[in-house]
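Please open the model in your viewer and keep the sequence panel beside it. The stops below proceed from the whole chain to single residues, each with a selection to make and a note on what is there.

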Amino acid sequence: MHPPTDSQVSRVPTQRTPPEHAETPPVAPAPAPRRRRLGLVLAVVGGALALVCLAGAAIAYVAYDRFTAPDRSAPDVLVDNYLRAFLVDENDVLAGEFECADAAGLAPLRQLRADLTAREKQFQITFVVKWGPLDMRVQGERADVSVQLVISYLVDNLSQTEHQRWRFGVVQDDGWRVCTADPVS
């Protein structure tokens, strides 16, 4: 609202302070530097990423261990896996995963494999070892598993087959393990 026209106030010119004498208005404090906030965000994100990577590594290790561990869950499963590793694949390292610490009782089966290998070299033939159903008798922490091995080979385009009955002694020791292998007469 303006003062009336006959007022003295309206006749006085407005007085302004020259710019060089003007007071500077108070300056608001500067905002916190973004670097600190950015550093904090990066530290939190980096920490979370490290935890996710660590959890992923732990899950990968457990999954790898579970999927690659030999199956020693039951005596018949154990003997089947052991025969495959020892006679078919001839993988002593894998077969060792199924054996007792004292594997002296497995000497007859080792002798069978050595004999088959020697005859393969001598006669230039290849033996194929298969087996039928496994008969299992469990008595507490011990079990006997019987199986008939079918050993076949070709000579002059004629298939030859030999059947051998074997008994495997297994014990429960952090999973089932093969301790003895004996041919049954």
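A residue is called buried when its relative accessible area is under 20%, exposed when that value is over 50%, and partly exposed in between. With that in hand, and bearing in mind that this is a predicted model, begin with the protein chain as a whole, where 24% of the 185 residues count as buried.

**The whole chain**

Select the protein chain and colour it by secondary structure: four helices and five strands should appear, and reading along the sequence gives the pattern α-α-α-α-β-β-β-β-β. If you then switch to a surface display, the accessible surface comes to about 13800 Å², of which 57% belongs to carbon and sulfur atoms. Contacts that reach across the sequence can be considered at this stage too, for among contacts between residues at least 6 apart in sequence, 48% join residues at least 24 apart.

**Helices H2 and H4**

Next select residues 75-88, which form helix H2, together with residues 107-123, which form helix H4; the two pack at an angle of about 40 degrees, with their axes 10 Å apart. Angles from 65 to 115 degrees would count as roughly perpendicular and those under 35 degrees as roughly parallel, and H2 and H4 are therefore oblique to each other. Show side chains at this contact, and you will find Tyr82, Leu83, Phe86 and Leu87 of H2 meeting Leu109, Arg110 and Arg113 of H4. The residues of this contact divide into five nonpolar, no polar and two charged.

Staying in helix H2, select Asn81. Is Asn81 buried or exposed? Its relative accessible area is 19%, and Asn81 is therefore buried. Setting aside residues up to four places away in sequence, Asn81 touches Asp71 and Phe98.

**The loop after H2**

Move to Glu90, in the loop between H2 and H3. The backbone deserves a look here, since phi of Glu90 is near 50 degrees, a positive value in a residue other than glycine. Glu90 has a relative accessible area of 42% and is therefore partly exposed.

**The disulfide**

Now select Cys100 and Cys179 and display their sulfur atoms. A disulfide joins Cys100 to Cys179, with an S to S distance of 1.6 Å, and a search of the whole structure finds one disulfide. The pair links distant parts of the chain, with Cys100 in the loop between helix H3 (92-96) and H4, Cys179 in strand S5 (residues 176-183), and the two positions 79 residues apart. Turn the view to look along the S-S bond: the angle about this bond is -55 degrees, and the link of Cys100 and Cys179 is left-handed. Both Cys100 and Cys179 are buried.

**The loop between H4 and S1**

Select Ile125, which is found in the loop between H4 and strand S1 (128-131). With a relative accessible area of 13%, Ile125 is buried. Which residues does Ile125 touch, not counting residues up to four places away in sequence? They are Arg119, Glu120, Tyr153, Leu154 and Val155. Draw a distance between the C-alpha atoms of Ile125 and Leu154, and the separation is 6.8 Å, although these residues are 29 residues apart along the chain.

Then select Thr126, found in the loop between H4 and S1 as well. At 56% relative accessibility, Thr126 counts as exposed. Leaving aside neighbours within four places in sequence, Thr126 is in contact with Glu120, Ser152, Tyr153 and Leu154. A distance drawn from Thr126 to Val155, C-alpha to C-alpha, spans 9.4 Å, and the two are 29 residues apart in sequence.

**The loop between S3 and S4**

For the last stop, select Asn157, which lies in the loop between strand S3 (142-155) and strand S4 (158-172). Asn157 has a positive phi of about 60 degrees although it is not a glycine. At 72% relative accessibility, Asn157 counts as exposed.

Methods. Residues numbered from 1 in each chain as written. Predicted model: local features only at pLDDT ≥ 70, side-chain atom pairs only at ≥ 80, totals over all residues. Heavy atoms only, no water. Axes fitted to C-alpha atoms, helices over the stretch in contact; angles between N-to-C directions. Parallel < 35°, antiparallel > 145°, perpendicular 65-115°, else oblique. Contact = heavy atoms within 4.5 Å. Nonpolar A, V, L, I, M, F, W, Y, C, P; charged D, E, K, R; others polar. Buried < 20%, exposed > 50% of the residue type's maximum accessible area, 1.4 Å probe, protein only. Disulfide = S-S within 2.5 Å. Areas by Shrake-Rupley, 256 points an atom, 1.4 Å probe, with all protein chains shown as cover.
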